[in-house]
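Student: Could you take one buried spot in this model and look at it closely for me? After that, I'd like to hear how the rest of the chain fits around your choice.

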Amino acid sequence: MYSIVEKDLGTPPVAGASAVTLTIDGVEVTVPQGTSVMRAAAIAGTMIPKLCATDQLEPFGSCRLCLVQIEGMKGLPASCTTPVAPGMKVTTQNERLANVRRGVMELYISDHPLDCLTCPANGHCELQDMAGAVGLREVRYGYAGANHLDAKKDTSNPYFTFDPAKCIVCSRCVRACEEQQGTFALTIEGRGFESQVAASQGESFFDSECVSCGACVQACPTATLSENSLIAQGQAEHSVVTTCAYCGVGCSFRAEMRGEEIVRMVPNKDGHANHGHSCVKGRFAIGYATHPDRIVKPMIRAKISEPWREVTWEEAIAHAASELKRIQAKYGRDSIGGITSSRCTNEETYVVQKLVRAGFGNNNVDTCARVCHSPTGYGLKSTLGESAGTQNFDSVMKADVILVIGANPTDGHPVFASQMKRRLRQGAKLIVADPRRIDLVRMPHVAAEQHLALRPGTNVALLNSLAHVVVTEGLVDEEFVRSRCELPAFENWRRFVAEERNSPEAMESVTGVPAGAVRAAARLYANAGNAAIYYGLGVTEHSQGSTAVMAIANLAMATGNLGREGVGVNPLRGQNNVQGSCDMGSFPHEFPGYRHVGDDAVRASFERDWGVRLQNEPGLRIPNMFEAALDGEFKGLYVEGEDIAQSDPDTQHVTAALTAMECVIVQDLFLNETAKYAHVFLPGSTFLEKDGTFTNAERRVSPVRKVMEPKSGYADWQITQLLANAMGYPMHYAHPSEIMDEIARLTPTFAGMSFAKLDRLGSVQWPCNDAHPQGTPTMHVGEFVRGKGRFLVTEYVATSEKVNQKYPLLLTTGRILSQYNVGAQTRRTPNNRWHDEDRLEIHPQDAEERGIAEHDWVGVASRAGETVLRATVTDRVQPGVVYTTFHFPESGANVITTDNSDWATNCPEYKVTAVQVTHVNQPSEWQRRFREFRENQETLLRGAAVFVAK
Ligand code: SF4
Ligand code: SF4
Ligand code: SF4
Ligand code: FES
């Protein structure tokens, strides 16, 4: 069912072809060759009646409502499937056409419940509109014949309802599931009058392969597939364009509203990252914003063993500021710090790092990118000269070979995965390097040519052996390397990777990947016209995370796969604004725009603008803050929108550090795990309650627009501003656009960025400046940002985290589609219906050896700690490897991860932990203590009546 504001031109646009001029109802119109007559007519201002066509899907030609007359052509062709031709003369409306269309509509209406007044689509139903458009006044066939009016509704999906009585079998839903989503969960069963839509093998939507993306709901022209929120609330009356606050794809949405209530989220057809598509989280999982657990009043307490006390904003801010000042007076300037949030806007992140540098007077600021993509920043900056991905998402549509390494896009970046799958269905080849058989390895109409199922922790060995094949089999793009790269560094690297010890054969015993598969994959990648690499946390969260990123950049440079569309090195960033939080200067050594705090000229520009002296030495990283806290030197922390007690490795170490601090200030939506160790709670705002921008994995800066007032009274940037002023450092922004103006003033890569430009263009990929006023879809065109590309030698060094008799299995971690990160949001939505606990995946052989069966409780013990999960016995994981997700705090996934980290950036080695798994009957000691502590903290909270609704 269409959105309240978007016009549907009937068939998708056709790009880049030559122009064709034709006449429609006497009006001349010029459109690209290959455009349908229907779309050309819509462009000329004539909307031809249609039911089975929509501009989000390829034309199908089944409903016969869009017939037109074309001079010189026999019969009445369907305008949706007929392409334009030069000089064509089209008639869209005359008596004959009107009669045929009325006949078609009569057939549809004779088998349709006439309950328009109570139908959720009333007023926005395409069937209703078409009945009006064709002038239907009577139904000659009557309503008494065979019909489907008693068909039973399917209400199994928590977010939408399927009411087959209203179905006109236009198959838009089936095509949306295939073309847009690529899941192939729907079919039309039966023939003729008996045909009906069915999910998978006649299962309910919930039990089928459906991933609840909602594309079919959006495509349905009737109320057959309707959002439950729409059924309950009725039609929206206005909409606001904003950006999803879940993952790094950064989908654009229209929030359809009734007053301050969201009726539904509709993916924006004009969204440059998602082109009208979405996943279950962005479209449906927004209920957390009004969940009863949400805290909307500030609270303070002297000790974490004391009950929380609700206070006014004035008291909370004054108390927080005086505590931070007291600590600095007693323990020194460097005894406090702040953590910015990758969930908040760019503007909010910027003001937090400014508060730390200018207000606290030190550089003790860090962000959760420390624990995910900091190696990307380091590795890409050292080799290519810029810390971010090189392409836009659309670039994948020009890739001939796609290498996915250490990423699981269908779960982690689902909308981009749908685009990638579309390209794969068109014939691009796929290589997957992952210890686990992720969905992309084999799914409907997609199969990887090679699945390199490497052992966790051996990425660098695998990448070096891929490079070995490239240099020893003459697959280097010599011309590219000669003209674009530093030659001495290249020669050095070439000698290194050519050494026999880096060959696939020599590395086979390390990686576990057969040499033949590595050679085949390397040839496929190097011989492709365009080869693109997509990688994720499976590359970065290792002791050699930065080395692996460099090895990826080396491979792309050596094969000439940089600097144009269809190629590149593409980190799939996790959180909605993790790219932005890095860009905005969240790291202790860098100002916004990745400029070192030791650079005198850069620092001087910030000092002039901010009116303070700034420190020229890097501050503490998150792990150093914890160490310093345990040493008694770091006593106060301001944490905005990050749950370090759940997300950071070695939980017991983190909670010990938090306990050692005198003032922990948490700014968040919920009493998260970190807040249970806090002394001040400042209630934050959701993305729906603020203005600002997010930057996605493509460097795309997109607008976030307020659809409702902040439930706590303030957006997060305002809270930081209050704290800065109370600390004695003045901030007086009236609107986030002023913060963006300051960012643009001080950051060369953002110099051309402004809210006005974003409103005009929809979104902009940085760098955006005088040289690139409209932004930069592809980086390193013609020249690398650092001038010449730099090859770096990437020696494989095995992690110190080794299996032995006591810990014989390797644990690795990942995500699942329905939950998000620490789960604070998605756990408070019906998404729990798909995944309500973290499970341990274990290979049947390893399970049998241990007497473990499906669903059994198993103890997972590492050198750091022990937890208990339920087992899923599956050959998705290889023998010797176990796998879990980390969305539920009580799972304690980070109780068992160690404090090993990347040599360059301290990014934790989440992906490799040696463990033993045993059959158990009770929770771990840690889990028992965790539950006790949680219950205690919830009791301490109960006294303060601070919830959004309870
Ligand atoms: S919700 Fe998405 S995956 Fe499910 S049937 Fe509809 S289009 Fe397919
Ligand atoms: S469910 Fe909707 S989109 Fe699917 S065939 Fe029926 S009317 Fe068409
Ligand atoms: S793919 Fe990511 S950005 Fe898009 S709707 Fe899903 S969670 Fe949101
Ligand atoms: S809209 Fe053209 S045949 Fe249905």
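Tutor: Let's go with Pro588, which is buried, with a relative accessible area of 1%; anything under 20% counts as buried here. Keep in mind that this is a predicted model. Pro588 sits in the loop between α20 (578–583) and β23 (590–591). What I like about this proline is its partner from far along the chain: Pro588 and Asn364 are 224 residues apart in sequence, yet their C-alpha atoms are separated by 5.7 Å.

Now zoom out for a moment. Across the protein, among contacts with a separation of 6 or more, 73% are between residues 24 or more positions apart. Burial can be put in context too: of the 950 residues, 65% are buried. The secondary structure comes to 30 helices and 36 strands. The radius of gyration is 29 Å, close to the 30 Å that the globule rule gives for 950 residues, so the protein is as compact as a globular protein of that length. The C-alpha trace spans about 90 × 70 × 65 Å along its principal axes. Its accessible surface comes to about 32800 Å², with 50% of that belonging to carbon and sulfur atoms. As for charge, there are 93 positive and 109 negative side chains, and the centres of the two sets lie 2 Å apart.

Back to buried pieces, this time a whole helix. In α10 (residues 374–383), eight of the ten residues are buried, so this helix is largely enclosed by the rest of the structure. The buried ones are Ser374, Pro375, Thr376, Gly377, Gly379, Leu380, Ser382 and Thr383. Their cover includes two strands, β21 (531–535) and β22 (569–571), along with the helices α18 (537–540) and α19 (545–558). After α10 comes Gly385, with a positive phi near 100°.

What about the nonpolar interior? The largest nonpolar core has 72 residues, and the members that touch the most others are Phe205, Leu225, Ile402, Met420, Leu430 and Leu440. Helix α12 (residues 414–425) gives this core its largest share, four residues. Take Ile402 as a way in: leaving aside neighbours within four places in sequence, Ile402 is in contact with Val396, Met420, Arg423, Leu424, Ala428, Lys429, Leu430, Ile431, Ala532 and Tyr534. A second, separate core has 59 residues, among them Ile336, Ala358, Leu682 and Tyr733. As a rule of thumb, nonpolar side chains in soluble globular proteins tend to be buried together.

A polar counterpart to Pro588 is Gln819, which is buried as well, with a relative accessible area of 1%. Gln819 lies in the loop between β31 and β32 (839–842). Beyond the four nearest places in sequence, Gln819 is in contact with Lys281, Thr826, Arg827, Asn831, Asn832, His835, His887 and Phe888. Here sequence distance and spatial distance tell another story: Gln819 and Tyr796 are 23 residues apart in sequence and 34 Å apart, C-alpha to C-alpha.

Tyr796 turns up again beside Val510, a residue of helix α16 (residues 504–511). Once neighbours within four places are set aside, Val510 is in contact with Arg455, Thr458, Ala461 and Tyr796. Val510 has 24% relative accessibility, so it counts as partly exposed. Val510 and Gly457 are 53 residues apart along the chain, with 9.5 Å between their C-alpha atoms.

Finally, some backbone details worth a glance. Most residues other than glycine have a negative phi, and most peptide bonds are trans. Against that background, look at Ser212, which has a positive phi of about 60° although it is not a glycine. Ser212 is in the loop between β7 (196–199) and α5 (215–219), and at 1% relative accessibility it counts as buried. Phe184 also has a positive phi of about 60° without being a glycine; this one is in the loop between α4 (172–181) and β6 (186–189). Then there's the peptide bond from Trp766 to Pro767, which is cis, with omega near 0°. Pro767 is found in the loop between β30 (764–765) and β31 (809–814).

Terms used:
Residues numbered from 1 in each chain as written. Chains lettered and ligands numbered in written order. Predicted model: local features only at pLDDT ≥ 70, side-chain atom pairs only at ≥ 80, totals over all residues. Heavy atoms only, no water. Rg over C-alpha atoms; globule rule 2.2 N^0.38 Å. Buried < 20%, exposed > 50% of the residue type's maximum accessible area, 1.4 Å probe, protein only. Contact = heavy atoms within 4.5 Å. Areas by Shrake-Rupley, 256 points an atom, 1.4 Å probe, with all protein chains shown as cover. Lys, Arg positive; Asp, Glu negative; His and termini not counted. Charge placed at Lys NZ, Arg CZ, Asp CG, Glu CD. Core = buried A, V, L, I, M, F, W, Y, C linked by side-chain atoms within 4.5 Å.
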